[in-house]
Amino acid sequence: MIYFKNINKKYPPDTLALNDVNLHIKPGEFVSIVGQSGTGKTTLIKLLIAEEKPTKGKIIVGGWDITDIPGRHVPILRRQIGVVFQDYKLLPKKTVMENVAFALQVAGETNVKIEKIVPQVLKIVGLEEKGKRFPEQLSGGEQQRVSIARSLVHRPKILVADEPTGNLDSINTREIIDLLQKINELGTTILLVTHNREVVNALRKRVITLEAGAVISDQEKGKYIL
Amino acid sequence: MFLLSLARIFRFAFQSFLRNIWLSLVTITIIVMTIFSLTILILVNVVTDQAVSSIKSKVDISLYFEAQTKEEIVIDTKDQISKIDHVKNIEYVSAAVALERFKATHSQDSLIQDAVDEMGENPLGPVLVVKADEMNNYPLILKNIKDFKIDEVVKEIDYDDHQLIIQKIELISDKIKQFGLFLSITFTLISLLVVFNTIRVGIYVHRDEVNIMKLVGASNWFIRGPFLVESILYAIFGCLIFWIIFYIAIGFINPLVSGFFADINFNLISYVLHNFWYIFGFELVAVILLNIVSSAFALGRHLKV
Ligand SMILES: Nc1ncnc2c1ncn2[C@@H]1O[C@H](COP(=O)(O)OP(=O)(O)O)[C@@H](O)[C@H]1O
Ligand SMILES: [Mg+2]
């Protein structure tokens, strides 16, 4: 599903954010990526959604070589990869439903289709009752679930979550991780970037550990080793 | 699908327009001023061209024959002159007609009327009025006519090229045009900057939306479209507002201006109304292009996915 081959990423002038990274992630996997701050986890995700281009190496997503992807193809790639972040990135003046619908509107989907898909994804994240609320009327965990719902509107094969529970307490964290597992069971490949030792240890799934831009450990059913 | 996206782009554009309403108004004001100076430039061009060509049309060479000159001689002279190169037209004004015209031009002056009546017989001779195809050719034609040795029958050859007036008009109009051009260029540059800045502010205000759009896979055109449309809206509103104001103002200007142009028989207002769609269309297209250029610069690399 995802191949990183001999990836180097250098930010000017001289930050080597990723150093010869090789990864293969298979369809349907649930992979945790751990590592201290500044070790290149977010950079890895930016390369995956073509927000940055690798300095060296090759990236293949679903058989598609995106290493030198032209700008006009980037939106197509991004509709196949759902992304959520620590800060949710919701629009405060839009309701939950509008926030989710926005992702479909800007992709040119018809209103009929939007009205069909929005309730579906809100149901998956368990917010079908709160569609008319504004983000500030929701808890952090609920806001993150809206963000996850939005990332699902294009039925992505891959869902990438960059420290999605970074701002959440342990109960909300638990709920978000459960939700990600549920989405994984529905067939979506999950990449979870996290700092959270308990989360990683409880998952008992594949764990990739980064240090100074390099993969120092890659274990099936791994543990948080730092 | 395409129309749907277009409709959404327009909706986003209007939202952005309204969200920064004061900035939008400032931008439109600058565009109105740009169109104002552009219009002045266009009209000054038109007016001076009209003035000059109207004066040029009055230029001619008149041959005043002695009174009682035989018609054959006049006709003969006319034939000779018609063979000169660049002569476009010769008008034969008989003595009787010349007198009519003289009386008509001095109809207010009873003294002259009386004097003419007293004389009994026509004091005027026939006249030949010669027109050249072009202004520059008059001196040559004049020289040719003088070579005919018709001094005995021709009392006077009158030629006034109005050179002085034309030069004066051209001088003044050049000054006004220069000023108009300066004004137009200045306002064009200012509006380029203002539109650039407004679109930049728009991008800044909408940075969250823009980032989310990129994240969820909106196409480049969907992200840029609203800002481009917004800048086109400024152009359209600017043009409309200017012409509404100008149309109202025309009512007040009309009497002033028509007096000024009485001599050259030119009606500025009817010219403007007659050519409204040309001027309006030209300005609209020009300002839209201008705004697209500056918003394209503003969008620049910033909105690349
Ligand atoms: N846009 C950028 N320009 C320059 N350096 C950057 C940029 N983004 C990240 N970096 C640097 O690259 C390294 C890896 O960053 P990042 O991938 O964000 O790490 P992580 O997500 O693991 O905390 C850090 O040293 C960071 O300072
Ligand atoms: Mg990070």
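This report covers the surroundings of ligand 1, one helix of chain B and some backbone features of chain A.

## Basis

The model is predicted: local features need pLDDT of at least 70, side-chain atom pairs count only at pLDDT 80 or more, and totals for chains, interfaces and linings use all residues. Residues are numbered from 1 along each chain as its sequence is written, chains are lettered from A and ligands numbered from 1 in the order in which they are written, and side-chain values use heavy atoms, with hydrogens and water left out.

## Ligand 1

The shell around ligand 1 consists of A:Y11, A:T15, A:A17, A:Q36, A:S37, A:G38, A:T39, A:G40, A:K41, A:T42 and A:T43 (a residue belongs if one of its heavy atoms lies within 4 Å). Two of these residues are nonpolar, eight polar and one charged (Ala, Val, Leu, Ile, Met, Phe, Trp, Tyr, Cys and Pro count as nonpolar, Asp, Glu, Lys and Arg as charged, and the others, Gly among them, as polar).

Oxygen atoms of ligand 1 make polar contacts (N or O pairs within 3.5 Å). A backbone N or O atom of A:G38 is 2.7 Å from such an oxygen, and one of A:T39 is 3.2 Å away. The side chain of A:T42 places an N or O atom 2.7 Å from a ligand oxygen. Ligand 1 taken alone exposes 560 Å², and the protein buries 63% of that (Shrake-Rupley method, 1.4 Å probe). Elements giving two or more residues to the shell are β2 (15-25) and α1 (41-48) of chain A; α1(A) gives the most, with three residues. Helices (H or I, at least four residues) and strands (E, at least two) are DSSP runs, numbered from the N terminus.

## Helix α6 of chain B

In α6 (138-146) of chain B, the residues B:Y138, B:I141, B:L142 and B:I145 are buried (under 20% relative accessible area, 1.4 Å probe, protein chains only). They line one face of the helix, because they fall within an arc of 100 degrees seen down its axis (taken from the directions from the axis to the C-beta atoms). An α-helix has 3.6 residues a turn, so residues three or four places apart point the same way.

The cover over these buried residues includes β1 (61-65), α3 (71-82), β2 (87-93), β3 (127-132) and β4 (154-159) of chain B (contact means heavy atoms within 4.5 Å).

## Backbone features of chain A

Most residues other than glycine have a negative phi, and most peptide bonds are trans. A:P12 and A:P13 are joined by a cis peptide bond, with omega about 0 degrees; A:P13 lies in the loop between β1 (2-11) and β2 of chain A.

A:A50 has a positive phi of about 60 degrees and sits in the loop between α1 and β4 (56-61) of chain A. A:A50 is buried, with a relative accessible area of 8%. A:R204 also has a positive phi, near 55 degrees, and is found in the loop between α7 (197-203) and β9 (206-211) of chain A.

Conventions:
A polar contact is a pair of N or O atoms within 3.5 Å; within protein, one must be able to donate a hydrogen and the other to accept it, and residues adjacent in sequence count only if both atoms are side-chain atoms. Buried means under 20% relative accessible area, exposed over 50%, partly exposed in between (1.4 Å probe, protein chains only).
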